[in-house]
Amino acid sequence: MIEIKNLTKVYKDRAVLDIESLVVEKGECIVLTGHNGSGKSTFLKILAGTLKESSGEIKKEGKVCYLPQQCIPFNKSVRRNITFCLDGSRKSKNALCDVILKAFGLNHLEHKNAKTLSGGECQRLCLARVLSKKADIVLLDEPTSAADKESRAIINRLISDYRKQTGCTVIMTSHTDEIPDFDKVKIIKLCDGKITEIREESNA
């Protein structure tokens, strides 16, 4: 669960985030929407702990994994990008890597240097690194922004499958009005750092 009270982030004299109260229950899927500069990425960075809030209280339970908007692969092969993030013996890591490569549609690229991947391929690789471990809270900043329609569908399915398998809480931002086809989604709209709308959509 995540509980937020009076959360603010101020740059110089400008408040870029001002959330009075928000509770995210365990296992919920939250999609943050809003125009550029509405505070979506700032909110995720604060939750991830990579940015310090100006004031407020945040309570989080469990392990947090975070995928920033600008995902940067290691200067290694696709396979080594993934195995680098895994625990265990070399044999167990390679076996798990095979499964991950196939699931994310990257097996044909396993020996390619990750720095040469297309935008959509790079996003899938960085997402694979994040989802290669179990987490309680997964924060994803525009995970489909560089992907085409087919890749977006694949990425959203992988996120949905991971959530079902782990029971984790997912909070992700969206750069479009397109809402992932998950079973149940809570959509939170931000405008000038404030929550202006909360609604639920169900595809069950």
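Select Ile-2 and Lys-60 to begin: in this predicted model, Ile-2 stands opposite Lys-60 in β4. Now widen the selection to the two strands that hold this pair. β1 covers residues 2-11, and its pairing with β4 is antiparallel, with 5 bridges.

Add β2 to the view and you have the whole sheet. Its 3 strands run in the order β2-β1-β4, the sheet is open, and the pairing is antiparallel. Which strands stand at the edges? They are β2 (14-24) and β4 (55-60); each has a single partner strand, so one side of each is left without a neighbour in the sheet. Look along the strands to see the twist: neighbours here are turned against each other by 20° on average, direction ignored.

Next, colour residues 40-48. This is helix α1, which lies across β1, β2 and β4 and runs at about 120° to β1.

**Charged pairs**

Switch on side chains for Lys, Arg, Asp and Glu. The whole structure has 12 salt bridges, and three of them make good stops.

Start with Lys-5 and Glu-3, whose salt bridge has its closest N and O atoms 3.8 Å apart. Try a surface display here: Lys-5 is partly exposed, at 39% relative accessible area, and Glu-3 is also partly exposed, at 22%.

Then go to Glu-57 and Lys-59. In this salt bridge the closest N and O atoms are 3.6 Å apart. Glu-57 has a relative accessible area of 37%, which makes the residue partly exposed, and Lys-59 is partly exposed at 45%.

For the third stop, centre on Arg-79 and Glu-110. They form a salt bridge with the closest N and O atoms 2.7 Å apart. Trace the backbone between them: the pair links distant parts of the chain, 31 residues apart, with Arg-79 in helix α2 (residues 78-83) and Glu-110 in the loop between α3 (90-103) and α4 (119-130). Is Arg-79 buried or exposed? Arg-79 counts as buried, with 16% relative accessibility, the cut-off for buried being under 20%. Bring in Asp-98 as well, since salt bridges with shared partners join Arg-79, Asp-98 and Glu-110 into one network.

**The six-stranded sheet**

Hide the side chains and move to the other sheet. What is the order of its strands? This open sheet of 6 strands reads β5-β6-β7-β3-β8-β9, and its pairing is mixed. The edges belong to β5 (64-67) and β9 (194-202): each has a single partner strand, so one side of each is left without a neighbour in the sheet. Between neighbouring strands the average turn is 15°, direction ignored.

Work from the β5 edge. β5 and strand β6 (residues 137-140) run parallel and are joined by 4 bridges. To find one of the bridge pairs, pick Tyr-66; the partner in β6 is Leu-139.

Keep β5 and β6 on screen and show α4. This helix lies across both strands and runs at about 170° to β5.

**Two helices side by side**

Now add helix α5, residues 149-166. How do α4 and α5 sit against each other? Their axes come within 11 Å and cross at roughly 5°, well, that is under the 35 degrees used as the limit, and the two helices are therefore roughly parallel to each other. For the contact itself, select Gln-123, Arg-124 and Leu-127 on α4, then Ser-151, Ile-154, Ile-155 and Ile-159 on α5. Coloured by class, this contact shows 4 nonpolar, 2 polar and 1 charged residues.

**A buried serine**

Jump to Ser-174, in the loop between β7 (169-173) and β8 (184-191). Ser-174 is buried, with a relative accessible area of 9%. What does Ser-174 touch? Leaving out residues up to four places away in sequence, Ser-174 touches Val-31, Leu-32, Thr-33, Lys-40 and Glu-142.

**Last stop: the hairpin**

Follow the chain into β8 and on to β9. The two strands run antiparallel, joined by 8 bridges, and they form a hairpin with 2 residues between them. Pick Cys-191 to see its bridge partner, Lys-194 in β9. Finish in the turn with Asp-192, which has a positive phi of about 55°.

Technical notes: Residues numbered from 1 in each chain as written. Predicted model: local features only at pLDDT ≥ 70, side-chain atom pairs only at ≥ 80, totals over all residues. Heavy atoms only, no water. Pairing = 2+ DSSP bridges. Axes fitted to C-alpha atoms, helices over the stretch in contact; angles between N-to-C directions. Contact = heavy atoms within 4.5 Å. Salt bridge = Lys/Arg side-chain N within 4 Å of Asp/Glu carboxyl O. Buried < 20%, exposed > 50% of the residue type's maximum accessible area, 1.4 Å probe, protein only. Parallel < 35°, antiparallel > 145°, perpendicular 65-115°, else oblique. Nonpolar A, V, L, I, M, F, W, Y, C, P; charged D, E, K, R; others polar.
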